[in-house]
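Dear colleague,

Please find below the structure that I am handing over to you, with its sequence. My findings follow directly after it.

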Amino acid sequence: MTCGVCVRPGVFALETRTRPDSAPDDFRLVDIAAIGICGTDYHIFDGKHPFLDYPRVIGHELSGHLVDGPDAGQLVVINPYISCGDCRACRRGKPNCCSAIAVLGVHTDGGMCARIAVPRGNLYPATGLTPVQAAMVEFLAIGAHAVARSGCGAGDRVMVTGAGPIGLGTALFARIAGAEVHLLDLSAARLATAATQFGFSRTYSPDDDILTGDLADGFDVVFDATGNATAIEAGFPLVAHGGLTVLVSVVKDDITFSDSEFHKRESQIVGSRNATRADFDRVMAAIRAGLVPTDLLASAVLPLADLPARFASLAKDRDHLIKVLVTP
C-alpha cells in the first residue's frame, strides 16, 4: 500500500509498505477513509518535533471503515492515543495522559495509508458523520477536553490566545458551553476568518490595550493555544481574580509568572493533554446537532498522490488554512 512518509525534515514522500491483512485479537483492521493534517505534522516536516524518529508514516487525525467482522464497513473515528492501561494515570481513568503513551504518527507509524491495525478500545462508531467529518473529531476533541478541564460555562468570559485550528476548536466548544468568547492572535488573517466565518467578533491583536472598559477586570478563563512561551506568559495578566489559565498548547521552554500576582488572584494553571472517549463523544454529538460548522473547517480535501508536491506550500500557508484533509 502507498504511505505518506516524512523521510527526514523537509522531505515528504510516498513509499510502498506491506498492507496488514491480519491483526492481533485485541486489534481491528481499519481501511482509512480520511486523514487530517495537524500542526504536529507540519512540525515533523519542519524538523521541530522532539520525540520522533525518522522516517515516520504520519497521520493521527483519522477516520476509516472496519474491515471484517459483523460490523464490517462501519465508519469509525480512531483515537490515536495508545495508552498502556497499567500506569497510575490509566488506572485512574486518565489514559489521555498515560505515562507511556504512544501517539499514532508520532511515536509509531500513523494512518496516512490505506489500512492500519488499531486497538479495539481506540475505535469509536461515527454514526451519522461523513468520513471527512469523522477525521476532524480528534483535533476538535483537543479543544473540547480543554473546555471540560476549565469547567467554564454560561456567564464566564474567556479569552482564547491562538486562533489556529486548536484554538478555534477550543473557542467553538467554549461558546457551545455558553461562555462569552474572545480571541487573540498575531495573525490578522486568522482573526478575520474567526470573525467572518465563525462569528467570533471579539478579536484582538497583541498590540491592543485589552484590559479596559468592561474588560478591565480580566477573563475568567484564558486558554493558551499558541505554542509560544512568550505568549503564555503574556496571558497571565489577562486572568481575572479567581480565574484560571488552561495550557492547551505545549512548549519546551520554562514558563515563569509573578507569584504575588498568582496568589493575589487565587489563580489556577491547568494543563490539558490530548482527549478522552467522553471528549470524542461530545464532539461527535455536537457535529450531529449542527453546532460545529465542519464545512467551514475543511479548507481543502486532497488525494494522497498530490501531497508530496503540496506539503511544503501547505506548511507555509497555515495562516490561511484551517484543516487540510487527505484521502488515501
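Thr170 is a residue of helix α5, which spans residues 165–176. In this predicted model, Thr170 has a relative accessibility of 0% and therefore falls under the 20% limit for a buried residue. Beyond its neighbours within four places in sequence, Thr170 is in contact with Gly143, Val147, Val160, Phe223 and Val248.

One of these contacts, Phe223, leads to the nonpolar interior. The largest nonpolar core comprises 87 residues, and Phe223, Leu297 and Leu307 have the most contacts inside it. The greatest contribution to this core comes from helix α4 (residues 137–150), which supplies eight residues. A second core, separate from this one, has nine residues, including Ile210, Leu215, Val222 and Val239.

For Leu297, the contacts are as follows, with residues up to four places away in sequence not counted. Leu297 touches Met136, Phe139, Leu140, Leu168 and Leu172, and also Phe198, Val292, Ile322 and Lys323.

I turn next to strand β3 and its partners. Strand β3 covers residues 27–36, and eight of its ten residues are buried. Its pairings may be listed as follows:

- With strand β5 (residues 61–66), β3 pairs in the antiparallel sense over six bridges; the bridge partner of Gly36 in β5 is Glu61.
- With strand β9 (residues 115–119), β3 is joined by five bridges, and the two run antiparallel; Leu29 has Ala117 as its bridge partner in β9.
- With strand β18 (residues 323–327), β3 shares two bridges, again in an antiparallel arrangement; here Gly36 stands opposite Leu325.

Strand β18 also holds Val326. Why does Val326 count as buried? Its relative accessible area is 0%, and buried means under 20%, so Val326 meets the criterion. Although Val326 and Gly36 are 290 residues apart along the chain, their C-alpha atoms are separated by 6.3 Å. Leaving aside neighbours within four places in sequence, Val326 is in contact with Ala33, Ala34, Ile35 and Ile37, as well as with Met112, Leu302, Pro303, Leu304 and Leu307. Of these, Leu307 was named above among the residues with the most contacts inside the largest nonpolar core.

A further sheet involves the start of the numbering. Strands of a sheet pair through backbone hydrogen bonds, either parallel or antiparallel. Three strands form an open sheet in the order β2-β1-β4, with antiparallel pairing. Its edge strands are β2 (11–16) and β4 (56–57), each of which pairs on one side only. Between β1 (residues 2–8) and β2 there are six bridges, in the antiparallel sense. One of the bridge pairs places Cys3 with Glu15 of β2.

Finally, I note one of the pockets. The second largest pocket has a volume of about 180 Å³. It is lined by 13 residues, of which Asn79, Tyr81, Ser83, Pro95 and Asn122 are the closest to its centre. What is the make-up of the lining of the second largest pocket by class? There are six nonpolar residues, six polar residues and one charged residue.

With kind regards

How values were computed
Residues are numbered from 1 along each chain as its sequence is written. This is a predicted model: local features need pLDDT of at least 70, side-chain atom pairs count only at pLDDT 80 or more; totals for chains, interfaces and linings use all residues. Side-chain values use heavy atoms; hydrogens and water are left out. On a 1 Å grid over the protein atoms alone, a cavity is a set of points where a 1.4 Å probe fits but cannot get out, and a pocket is an open set with protein on both sides within 12 Å along at least five of seven lines; lining residues have an atom within 4 Å of a point. Grid points are joined across faces, edges and corners, and a volume is the space filled by probe spheres set on the points. Ala, Val, Leu, Ile, Met, Phe, Trp, Tyr, Cys and Pro count as nonpolar, Asp, Glu, Lys and Arg as charged, and the others, Gly among them, as polar. A nonpolar core is a set of buried Ala, Val, Leu, Ile, Met, Phe, Trp, Tyr and Cys residues joined through side-chain atoms within 4.5 Å. Buried means under 20% relative accessible area, exposed over 50%, partly exposed in between (1.4 Å probe, protein chains only). Helices (H or I, at least four residues) and strands (E, at least two) are DSSP runs, numbered from the N terminus. Contact means heavy atoms within 4.5 Å. Two strands pair if DSSP finds at least two bridges between them.
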